[in-house]
Amino acid sequence: MGIAILSGVVASLESQSSTHPKHFFPNAKWESHTPGTSTPVESPDDPSLPSRFLACVTREDSAKKLRVTFGALGGLGGTVEVLTGRNLEAVKQADVVILCCKPQQAHPILNSDGMQDALADKLLISILAGVTISQMRGWVLPSTRVVRAMPNTPCKIREGMTVVSLLPDSAVAELDRIIILNIFSSIGRCRFLDEKHFDACTALSGSGPAFACIFLEAMADGGVMMGLPRAEALELAAQTLQGAARMTLQAGAHPAQIKDTVTTPGGCTIAGLLALEDGRVRSTIARAIQIATERASELGQPSKK
Ligand SMILES: NC(=O)C1=CN([C@@H]2O[C@H](COP(=O)(O)OP(=O)(O)OC[C@H]3O[C@@H](n4cnc5c(N)ncnc54)[C@H](OP(=O)(O)O)[C@@H]3O)[C@@H](O)[C@H]2O)C=CC1
Ligand SMILES: O=C(O)[C@@H]1CCC=N1
């Protein structure tokens, strides 16, 4: 997920630099550690804009993959510095850290020698499922501003959905909010929501691309069953799902209204819809979100066994 965030941010900065060159600061100090941690240091001209990125991992194999991935982006992607086993060194140089490790790795990482001091007075954005702001506050110094964000993989192509939560008593300043929006609005939609909704958001939009792709793949399979070539079936299914989603997002159409408009009386759509209802597709999908929400709440928590 860290790769998706950093790839999207880099792509966004590239497009800004070509349209608004004066807003782009290639030598500014904004560093980002991904996937383990992601750390920006502020630009001398505009402290809310990123310019330098550090990506941290523990395995040299991962580092090699990251260098290839970011190198292939070209431009700013080639400037991403990938560090192996050097979290502390990277965090010390940074103002903003994005924590992108697995939920159970947060505590050991944040409690490693020198990390609390390195994070003092900095913005720490965790994208971890399950791990609460209160838990993380207990693992850092009071001066570290802790925020949770739940992005999703489409951030990689700047079509992401990110939900951000901060506690009402949070010391998160206006500049932090601008930095958070600069990061996550540049790679898709970004919305602030109360932390009590975080597990549901984790399931719905965080895990959502996986659920949507089951539907996408199944639609394409149906087309293949009826003789369509695989590639065309997938294109038709993907563009159709995108079109329907955009009608809701851009035109404000309710899904039921879109469905009714497609459904010619006595036609083929109602025949297909009834087959879906026979398979209890709605409750199956909704229950998947429920179960995933319940599982999200367990992640990063002490085992009850
Ligand atoms: N995948 C998704 O769609 C989403 C995931 N998330 C959250 O993002 C987090 C990561 O998930 P995901 O990307 O799927 O998991 P991955 O296992 O793919 O990524 C974890 C990354 O963290 C690195 N890492 C592990 N330990 C350390 C460490 N001690 N120091 C530095 N880097 C470390 C790993 O590299 P190495 O193995 O080399 O150490 C790896 O690159 C999870 O907490 C998840 O809840 C949130 C939203 C969506
Ligand atoms: O599967 C997971 O736990 C993570 C969180 C949301 C998406 N992936």
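Here is a short conversation about two helix pairs, a ligand site and two annotated spans in this predicted model.

Local features in this predicted model need pLDDT of at least 70, side-chain atom pairs count only at pLDDT 80 or more, and totals for chains, interfaces and linings use all residues. Residues are numbered from 1 along each chain as its sequence is written, while chains are lettered from A and ligands numbered from 1 in the order in which they are written.

Student: At what angle do helix 9 and helix 10 pack, and how is that angle classed?
Tutor: Helices here are DSSP runs (H or I, at least four residues), numbered from the N terminus. Axes are lines fitted to C-alpha atoms over the stretch in contact, with angles from 0 to 180 degrees between N-to-C directions. Helix 9 (residues 208–225) and helix 10 (residues 230–249) have axes 8 Å apart and an angle of about 135°. Under 35 degrees is roughly parallel, over 145 roughly antiparallel, 65 to 115 roughly perpendicular and the rest oblique, so helix 9 is to helix 10 oblique.

Student: Of which classes are the residues in the contact of helix 9 with helix 10?
Tutor: Contact needs C-beta atoms, placed from the backbone, within 7 Å. Helix 9 brings residues including Leu 216 and Met 219, and helix 10 residues including Arg 230 and Leu 241. Ala, Val, Leu, Ile, Met, Phe, Trp, Tyr, Cys and Pro count as nonpolar, Asp, Glu, Lys and Arg as charged, and the others, Gly among them, as polar. By class, the contact has 11 nonpolar, 1 polar and 1 charged residues.

Student: How far apart are the axes of helix 8 and helix 13?
Tutor: Helix 8 covers residues 198–206 and helix 13 residues 281–298. Among the residues making their contact are Thr 202 of helix 8 and Ile 289 of helix 13. The helices pack at about 125°, and their axes lie apart by 8 Å.

Student: Which residues are around ligand 2?
Tutor: A residue counts if its C-beta atom, placed from the backbone, lies within 6 Å of the molecule. The shell has 1 nonpolar, 3 polar and no charged residues. They are Ala 129, Thr 202, Gly 206 and Ser 207.

Student: What percentage of residues 195–299 is helix?
Tutor: UniProt gives this span as "domain: Pyrroline-5-carboxylate reductase dimerisation" (unreviewed entry). Such annotations may be inferred rather than shown by experiment. The span is 0% strand, and its helix share is 80%.

Key
Helix = DSSP H or I, 4+ residues; strand = E, 2+ residues; numbered from the N terminus. Contact = placed C-beta atoms within 7 Å.
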